[in-house]
Amino acid sequence: MPRITARLLLRPPQVDDLASVFAIYGDPATNQFNPAGPLTRIDQAQTLLTQWMTHWEIHGYGQWTIATRDAPDCVIGFGGVDSRKYAETERLNLGYRFAVTAWGRGYATELSRAAVGFGLDELKLRQIFALVRPAHAASIHVLEKIGMQRVDVLDDVPGQLPSLVYTISR
Ligand SMILES: CC(C)(COP(=O)(O)OP(=O)(O)OC[C@H]1O[C@@H](n2cnc3c(N)ncnc32)[C@H](O)[C@@H]1OP(=O)(O)O)[C@@H](O)C(=O)NCCC(=O)NCCS
């Protein structure tokens, strides 16, 4: 069941999304702040997509495949709330990754507001977290625009500055 926002169409990921996952997650530009770097092989994209689809099967929510309402067949990104390990602790994490061609139009903010609203108001999640590299000003701005607050740091990248932990609660 797709969800709509003012401009976006959000739907559960499906097997046909593989090429879009690889295109977006394999682009060095969308991984500038990702210490793991871009995906380099299609089987890595398949593993990621399978993880997302399994999360949906188990929990009934997770990462959405994102298109605009104007062009529903053109995937522009992926994002939403799903489980992620923060060191040893499992957290409900807001994440997003958009194709470069979709940047700068407020889509990450629109997706993030929808995802957090859905998680807190409809799923009745108590708390949602987000993890961001300290130099990633655009992503930090998105999190702060939607009302998330910086509460902690996480030393998750050996030899580099810690990531920033943001949260929002019901
Ligand atoms: C980061 C990312 C999600 C932003 O998406 P987007 O749709 O362009 O974001 P939005 O337009 O909703 O908001 C970005 C905000 O940051 C601002 N911004 C952009 N670049 C910036 C920079 N270098 N420094 C400070 N602010 C910046 C924008 O002006 C905008 O703020 P505004 O609405 O007040 O003008 C997108 O670039 C992306 O997908 N990157 C690759 C994946 C990624 O890094 N994901 C986050 C991992 S934590």
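Which of the 19 residues around the ligand come nearest? Select F98, A108, T109, A137 and A138: these are the ones. Keep in mind that the model is predicted.

**Stop 1: the ligand shell.** Now widen the selection by element. Strand 5 (89-98), helix 3 (107-122) and helix 4 (137-145) each give two or more residues to the shell around the ligand. Color helix 4 on its own, since the largest share of the shell, 5 residues, comes from there. Then color the shell by residue class. You will find 10 nonpolar, 7 polar and 2 charged residues around the ligand.

**Stop 2: the nonpolar core.** Hide the ligand and select I66, L111, I128, A130 and L143. Within the largest nonpolar core, which has 38 residues, these have the most contacts. Helix 3 provides the largest share of this core, 6 residues. Helix 3 is also among the elements that give two or more residues to the ligand shell.

**Stop 3: A130.** Center on A130. Which residues does A130 touch, leaving out those up to four places away in sequence? Show N93, L94, L143, M148 and Y166. L143 is another of the core residues with the most contacts.

**Stop 4: D16.** Move to the loop between strand 2 (8-11) and helix 1 (18-25), where D16 sits. Is D16 buried or exposed? D16 is exposed, because 10 other C-beta atoms lie within 10 Å and the cut-off for exposed is 12 or fewer. Finish with a distance label from D16 to L49. These two are 33 residues apart along the chain, and their C-alpha atoms are separated by 9.9 Å.

How values were computed. Residues are numbered from 1 along each chain as its sequence is written. This is a predicted model: local features need pLDDT of at least 70, side-chain atom pairs count only at pLDDT 80 or more; totals for chains, interfaces and linings use all residues. A residue is near a molecule or strand if its C-beta atom, placed from the backbone, lies within 6 Å of it. Helices (H or I, at least four residues) and strands (E, at least two) are DSSP runs, numbered from the N terminus. Ala, Val, Leu, Ile, Met, Phe, Trp, Tyr, Cys and Pro count as nonpolar, Asp, Glu, Lys and Arg as charged, and the others, Gly among them, as polar. A residue is buried if 20 or more other C-beta atoms lie within 10 Å of its own, exposed if 12 or fewer, and partly exposed in between; C-beta atoms are placed from the backbone. A nonpolar core is a set of buried Ala, Val, Leu, Ile, Met, Phe, Trp, Tyr and Cys residues joined through C-beta atoms within 7 Å. Two residues are in contact if their C-beta atoms, placed from the backbone, lie within 7 Å.
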